[in-house]
Amino acid sequence: MSDLKLVRKFEVKDGFWGRYEKLVRDVVLPYQENALNDRIEGAEKSHCIENFRMAAEKLRTGKCDGEFYGMVFQDSDVAKWLEGAAYSLAQNQNPELEQRCDDIIELIGSAQHEDGYLNTYFTVKEPDKRWTNLHEAHELYCAGHMIEAAVAYAECTGKTRFLEIMCGMADHIYKHFIEEGAEGYPGHPEIELALMRLFRCTKEERYKELALHFINVRGVDSDYYKKEKRKCGWSVWGSNADDKEYNQCAEPVRMQKKATGHAVRAVYLYTGMADAAMETGDNTLAEACKTLWNNITQNRMYVTGAIGSAYEGEAFTKDYHLPNDTAYAETCAAIGLIFFANKMLYLERNRKYADVMERALYNCVLAGMQLDGTRFFYVNPLEALPGISGEAQTHKHALPVRPKWFTCACCPPNVARLLASLAEYAWHLLPDRLFSNLFIGGTLDLRDTFGGRLTLETTYPYDNKITYRFEPEGEMMSVPLAIRIPAWSAGASICINGKSAEYEMEESGYAYIHRDFSTNDILTVEFDMPVRKVYTSNKVSANTGKAAIERGPLIYCAEGVDNENDVLSLSLKKGGAVTVGEYLPNKLYGIQELYAEGYRETVSEELYSYEEPEEKECKITLIPYYAWGNRGLNQMRVWIPERK
């Protein structure tokens, strides 16, 4: 695994993702920078940058004006923003943005203690309580995000100042937990995957050792958090140290069979586990990852790729418990699932991981951000009911419109860093093969590996055709190319220069083509992309008698504004046609609608009535789920009743 080459030299060019790449660069990153500096009128206060200024002042003078503000993990918002900015700088030179990043990094460095410790909450607010509350205080979580950002900034800009700062923090953590033998493991996993990234960047074995330590000790003493709580005598927010399933510590990680507890924490942990298994060849750890993956995707995942069904604890609950209108489905959890999927794809080359990665990306993650890049969902329900969603006590979390920012703002910068680094997921570059996992138009620089450039052209996800063009440095370039054939495509045709290509269809779901390509060669793939009705197991009570509509990677929904402001009276006609409309470039930044045959029922206005509903046939207009909530307050439904 150490010979892995992350794809950085990829220029996004297609219409769909090109718009998002430009949006992140021109709108999202500047907007979020303003949010971190409390410059957005009417938005929740962040105070992130100010917290670092206060910490630096306190280290310099022994005191500071003002008080720490925000969540105990507030530092991580800055880290994720810096990581997103680093990826954007790798794609687009921007001296002004780079200088502002450098200034923030210097500020971060000035908030670091001489022993390497770095955390503004403890420096400003609780200087005597470092490492005493691993369960709640998120020190290792914040360090993990800072490490990820530092690695990204070094890899993308070549500047190592931030990396040096965070190596100092990693060395401090190593000394505390390894050399000095401190007990415990992270309350919120994240540092495990970050340390693996740091190891791969620096080749420093101690960082891998530290990552494996946190993975291996987790759950061995399942009562650790209870003991820590009795010992430390203080609490951040009164978390339940007795809930071992919620804390992913009921058993050692290799014995865990079900995805439990806080969904983001779970998939961050599993990502670190998968990365460690891949690096070390630990088969027992790999098998545990496969077991947990199967439990998530076969029992606990929404059709949109969202995970975490309960508001209480932002958590997984039980198999097949997937309510729609009260779904938590946090944006960060879908992003974490993508991280997990990406590592599993390296661990076991199988399209099922890339299929889920694609599902979560095109549906839940994109829905987490308004189409103009200035508002965000933390929660992504599959049904919205104005007057109830965001208002009823049971639905307060499931907002029907996106806010400008959050008191707990983990999701917006997480979206930014993911969308700015899609090349890492679209392409896997190994010494003996190039894997095409996600179909994003652009040019990939392969001069250092396969002797040329490769350009992918497509109008995916609304079109089923993918074209690969080759630009060798010499007369030919040899590219061992493996192309994912999604499970939703019953068949695919692959041609070279208009003639059927010779390829090996592997059990993994990838079509493998290995040949020499010249400048004039054109490789095309056409997927079978019909409209499909999706049904769930009868064990999912929320979806009994209902169907969802899918085309290609996109899940569709009905929104009130397109359907007489009432989607609750609609039902799909069983066996009825669903047709694909023309591409509408001026609607919701460019979408294709679907039109389904169905019925509309009219019932009495009384709460209960003996009058039989009247019905009439109608056309149901459906839009991609990622685009919902961009036209004001609306009803929305993914799962629609179906009947004859």
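**View 1. Helix 14 lies across strand 8 and strand 12.** In this predicted model, helix 14 covers residues 351–367 and runs at about 70 degrees to strand 8 (477–484). Axes are lines fitted to C-alpha atoms, for helices over the stretch in contact (heavy atoms within 4.5 Å), and angles run from 0 to 180 degrees between N-to-C directions. Helices (H or I, at least four residues) and strands (E, at least two) are DSSP runs, numbered from the N terminus.

Residues are numbered from 1 along each chain as its sequence is written. Local features need pLDDT of at least 70, side-chain atom pairs count only at pLDDT 80 or more, totals for chains, interfaces and linings use all residues, and side-chain values use heavy atoms, with hydrogens and water left out.

**View 2. An open sheet is formed by 5 strands.** The order is 3-4-8-12-11, with mixed pairing; two strands pair if DSSP finds at least two bridges between them. Strand 3 (427–430) and strand 11 (504–505) are at the edges and have a single partner strand each, so one side of each lacks a neighbour in the sheet.

**View 3. Strand 11 runs antiparallel to strand 12.** The two are joined by 2 bridges, and strand 12 comprises residues 510–517. M505 is opposite A511 in strand 12.

**View 4. E506 sits in the loop between strand 11 and strand 12.** Its relative accessible area is 19%, so E506 counts as buried (under 20%; exposed is over 50%, partly exposed in between; 1.4 Å probe, protein chains only). Leaving aside residues up to four places away in sequence, E506 touches R433 and Y512.
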